[in-house]
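Visitor: I am new to this structure and would like a close look at a single part, the salt bridges, with enough of the surroundings to place them. Please take the time you need.

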Amino acid sequence: MLEFYAPRVESLLATARDTGKRRFVLVTVPGGDPFDLIASMAVLREANFYLEWSGRPDLVCDYEVVSNQPGTVFEAEGLRIVVDKPCYDIRGHVDTVVFQAIDVPEGKCLRDQRFMAWIRRISKRARRVVTACIGTYLLAEAGLLDGRRAATHWGADKGFRRRYPNVILDSEPIYVKDGNLYTSAGVTSILDLMLALVEEDFGSELALRVAQGMVMFLRRPANQ
């Protein structure tokens with residue numbers, strides 16, 4: 001039988017307060033890169049594993065996937081990702097909203113006024129709003145990043161600056177936090193940002209366990 005060593009997170013057993021489960025809403029759009037969606041879920045699943053293993057199932061993170069256009073959001077030979085729930089049906093408390101990268105900077109979702117209005121509403125309800133890669137365009141188009149620092153994929157730097165001159169774009173960091181808005185650079189940087197959220201919520205010991213379990217840096221020693 002394959003044995004797997006998974007040390008408990010002692011600090012959770014000793015000091016964690018019963019703050020209740022955190023609800024994450026993962027928002028995807030048709031044609032977006034599925035890596036951002038899967039990577040976000042992977043970090044949350046790993047964190048939940050260690051929370052349960054450490055005797056704190058009361059702290060695990062609930063997460064759900066929604067879209068502005070329910071149906072098939074990604075399709076390849078032999079694989080189809082289908083989202084059943086529209087983002088507009090989200091009710092109740094939301095802790096963190098994570099937006100996947102859009103298809104292209106001129107994507108249809110940016111012209112979806114109902115979606116833009118929903119982004120503005122949900123940003124007022126959620127404790128944190130997070131974007132992956134060029135998902136930064138969603139917050140900028142909704143007007144949430146005016147006068148705020150943000151990150152996005154280095155390849156979108158020039159086009160983003162032209163389109164959103166009021167956003168203070170920093171193309172160097174892997175992710176940027178400005179108030180309750182968190183934006184990340186390209187592709188794999190969503191892993192770094194999601195891991196940072198785990199550390200923010202539960203401490204460095206759990207974040208280290210998650211990083212070890214996923215065989216990744218706790219803090220990547222690099223920028224874009």
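Guide: What follows begins with the whole protein, turns to the salt bridges, and ends with some backbone details.

This is a predicted model, in which local features need pLDDT of at least 70 and side-chain atom pairs count only at pLDDT 80 or more, while totals for chains, interfaces and linings use all residues. Residues are numbered from 1 along each chain as its sequence is written, and side-chain values use heavy atoms, with hydrogens and water left out.

The secondary structure of the protein consists of seven helices and ten strands, where helices (H or I, at least four residues) and strands (E, at least two) are DSSP runs numbered from the N terminus. The C-alpha trace spans about 50 × 35 × 35 Å along its principal axes. For 224 residues a compact globule would have a radius of gyration near 17 Å, and the protein agrees with this at 17 Å; the radius is taken over C-alpha atoms, and the globule rule is 2.2 Å times the number of residues to the power 0.38. Of the 224 residues, 50% count as buried, a word that stands for under 20% relative accessible area, whereas exposed stands for over 50% and partly exposed for what lies in between (1.4 Å probe, protein chains only). The protein exposes about 11,000 Å², of which carbon and sulfur atoms supply 52%; these areas come from the Shrake-Rupley method with a 1.4 Å probe, and for residues only the protein chains shown count as cover. Among contacts with a separation of 6 or more, 68% are made by residues 24 or more positions apart, contact being defined as heavy atoms within 4.5 Å.

Now to the charges themselves. There are 29 positive and 29 negative side chains, and the centres of the two sets lie 6 Å apart. Lys and Arg count as positive and Asp and Glu as negative, with His and the chain ends not counted, and each charge is placed at NZ of Lys, CZ of Arg, CG of Asp or CD of Glu. A salt bridge is a side-chain nitrogen of Lys or Arg within 4 Å of a carboxyl oxygen of Asp or Glu, and the count by this rule is 17.

One of these salt bridges joins Lys85 to Glu64, with the closest N and O atoms 3.0 Å apart. Lys85 belongs to the loop between strand 4 (79-83) and strand 5 (96-99), and Glu64 to strand 2 (residues 62-67), so the pair ties together parts that are 21 residues apart in sequence. Lys85 is partly exposed, at a relative accessible area of 29%. Beyond its neighbours within four places in sequence, Pro70 is in contact with Lys85, and also with Val83, Asp84 and Pro86. Pro70 sits in the loop between strand 2 and strand 3 (71-76) and is partly exposed, with a relative accessible area of 40%.

Another salt bridge links Asp170 and Arg149, whose closest N and O atoms are 3.2 Å apart. Since Asp170 lies in the loop between strand 8 (168-169) and strand 9 (175-178), and Arg149 in strand 7 (residues 149-150), this pair ties together parts that are 21 residues apart in sequence. Asp170 is partly exposed at 23% relative accessible area, and Arg149 is partly exposed at 34%.

The salt bridge between Asp157 and Arg161 (2.8 Å, N to O) lies within helix 5 (residues 157-163), where the two residues are four residues apart, about one turn of the helix. Asp157 is buried, with a relative accessible area of 13%, whereas Arg161 is partly exposed, with 37%. Elsewhere, salt bridges that share partners join Arg22, Asp95, Arg127, Arg128, Lys177, Glu200 and Asp201 into one network.

Two backbone details complete this look. Most residues other than glycine have a negative phi. Val187, in the loop between strand 10 (181-184) and helix 6 (189-202), has a positive phi near 50° and is partly exposed at 33% relative accessibility. Helix 7 (residues 204-214), whose buried residues are Leu206, Ala207, Arg209, Val210 and Ala211, is followed by Val215, which has a positive phi near 55°; Val215 is exposed, with a relative accessible area of 74%.
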